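Could you walk me through this model in the viewer, one selection at a time? I would like to know what to pick next and what is there.

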Amino acid sequence: MTLLPIDALPTRQLNHRSFPTIPPLPEQESMNRVETTATIDQLTQLLPTDTTDFDWSETLPVGRPRIFNPARPLASFMPVHYEPGYAYPLLVWLHDCELNEDCLPQLMPHVSLRNFVAVAPRGTVTQSRGYSWRQELAAIEAAEAAVDDAIERAGDRFNINSDRILLAGHGSGGTMALRLAMQDPGRFAGVASIAGRLPKSYHPLANINQFRKLPVMIASGLESLNYDQWAACDDLRLLHSAGCQVAIRQYPDDDLTDTMLGDLNRWLMEIVCGSKPK
């Protein structure tokens, strides 16, 4: 496990993406916030209405034995003034495509230096530059195993509150975060996706009764080429129809910024503190 002391945190740009320091905008200009709680009126194609037509072989197994694999690449982040006697919330971060787990120490100072222990597993699909997460059956199962390993290894190294495990990701990592939270909702206290679409294959809402209890945050960029406001509205409509509780954030684009990650920190801390996320 890579343990990075806080005084050694790099300040260089995150590969081909950056975290520009920008002055905070007024709330109404920086994003639009919509908190929604919908009752289920109908089920979408994500959850078949007739279970006799439901091909259960396409769903993913839940609750299988967790396999510990210390060989999997993993980055970890220890908060400032770490107190071994305090059970910290754990943030599991899934990076975007063409990146790797090494983005974590550059990311966390923009989220919080004190609030979380954090871990970042490496994406399971190799690309020409970095790694990614793919919505194919084998890649999904590999991602689940990587996240399970990350959680167990964090628990071996740090004092972790097992009821405050939070899953978040950016881009393809955000989509995979939603996928894994839908697949096993009871494992996480909340899930956030920044610029990551709602997964559609393999019946992601098969565990809808549990998933609708899980706090969900979706963030999109108004001018994003990958996940714009219209795509986010489509996903929000699907989650509404499933009766989920969703907080949506909208920003000018989908590049990670101080404002965006600060909002993520506040939303996560509302869960940690036991209040209803907004």
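Begin with the whole chain and its contact map: among contacts with a separation of 6 or more, 80% are between residues 24 or more positions apart. Keep in mind that this is a predicted model. Colour by secondary structure and you will find 7 helices and 11 strands. Switch to colouring by accessibility next: 53% of the 278 residues count as buried. Turn on the surface too, which has an accessible area of about 12600 Å², with 50% of that belonging to carbon and sulfur atoms.

**Stop 1: helices α3 and α4**

Select residues 137-157 for α3 and residues 172-183 for α4; the two axes come within 11 Å and cross at roughly 80 degrees. The pair is therefore roughly perpendicular. Now show side chains where the helices meet. On α3, pick Ala 139, Ile 140, Ala 143, Glu 144 and Val 147. On α4, the partners are Met 176, Arg 179, Leu 180 and Gln 183. Colour this contact by residue class and you get 6 nonpolar, 1 polar and 2 charged residues.

**Stop 2: from Arg 179 to His 203**

Keep Arg 179 of α4 selected, since it takes part in the contact you just looked at, and add His 203. How far apart are the C-alpha atoms of these two residues? They are separated by 9.9 Å, while the residues are 24 positions apart along the chain. His 203 sits in the loop that runs between β9 (190-194) and α5 (208-211). Is His 203 buried or exposed? Its relative accessibility is 16%, so His 203 counts as buried, the cut-off being under 20%.

**Stop 3: Ala 195, in that loop**

Stay in the loop between β9 and α5 and select Ala 195, which lies there as well. Check its backbone torsion: phi of Ala 195 is near 60 degrees, a positive value in a residue other than glycine. This deserves a look because most residues other than glycine have a negative phi. At 9% relative accessibility, Ala 195 counts as buried.

**Stop 4: His 81**

For another positive phi in a residue other than glycine, jump to His 81, where the value is near 55 degrees. You will find His 81 in the loop between β3 (74-77) and β4 (88-94). Look at the surface here: with a relative accessible area of 57%, His 81 is exposed, whereas Ala 195 is buried.

**Stop 5: helices α2 and α7**

Next, select residues 104-111 for α2 and residues 258-272 for α7, whose axes come within 8 Å and cross at roughly 70 degrees. That crossing makes α2 roughly perpendicular to α7. Show the side chains of Leu 107, His 110 and Val 111 on α2, together with Asp 258, Leu 261 and Asn 265 on α7; Gly 262 of α7 also belongs to the contact. By class, this contact contains 3 nonpolar, 3 polar and 1 charged residues.

**Stop 6: two cysteines**

Finish by selecting Cys 233 and Cys 244. How many disulfides does the structure hold? The count is 0. Which of the two cysteines is buried? Cys 244 is, at 0% relative accessibility, while Cys 233 counts as partly exposed at 31%.

Notes:
Residues numbered from 1 in each chain as written. Heavy atoms only, no water. Axes fitted to C-alpha atoms, helices over the stretch in contact; angles between N-to-C directions. Helix = DSSP H or I, 4+ residues; strand = E, 2+ residues; numbered from the N terminus. Parallel < 35°, antiparallel > 145°, perpendicular 65-115°, else oblique. Contact = heavy atoms within 4.5 Å. Nonpolar A, V, L, I, M, F, W, Y, C, P; charged D, E, K, R; others polar. Buried < 20%, exposed > 50% of the residue type's maximum accessible area, 1.4 Å probe, protein only. Areas by Shrake-Rupley, 256 points an atom, 1.4 Å probe, with all protein chains shown as cover. Disulfide = S-S within 2.5 Å.
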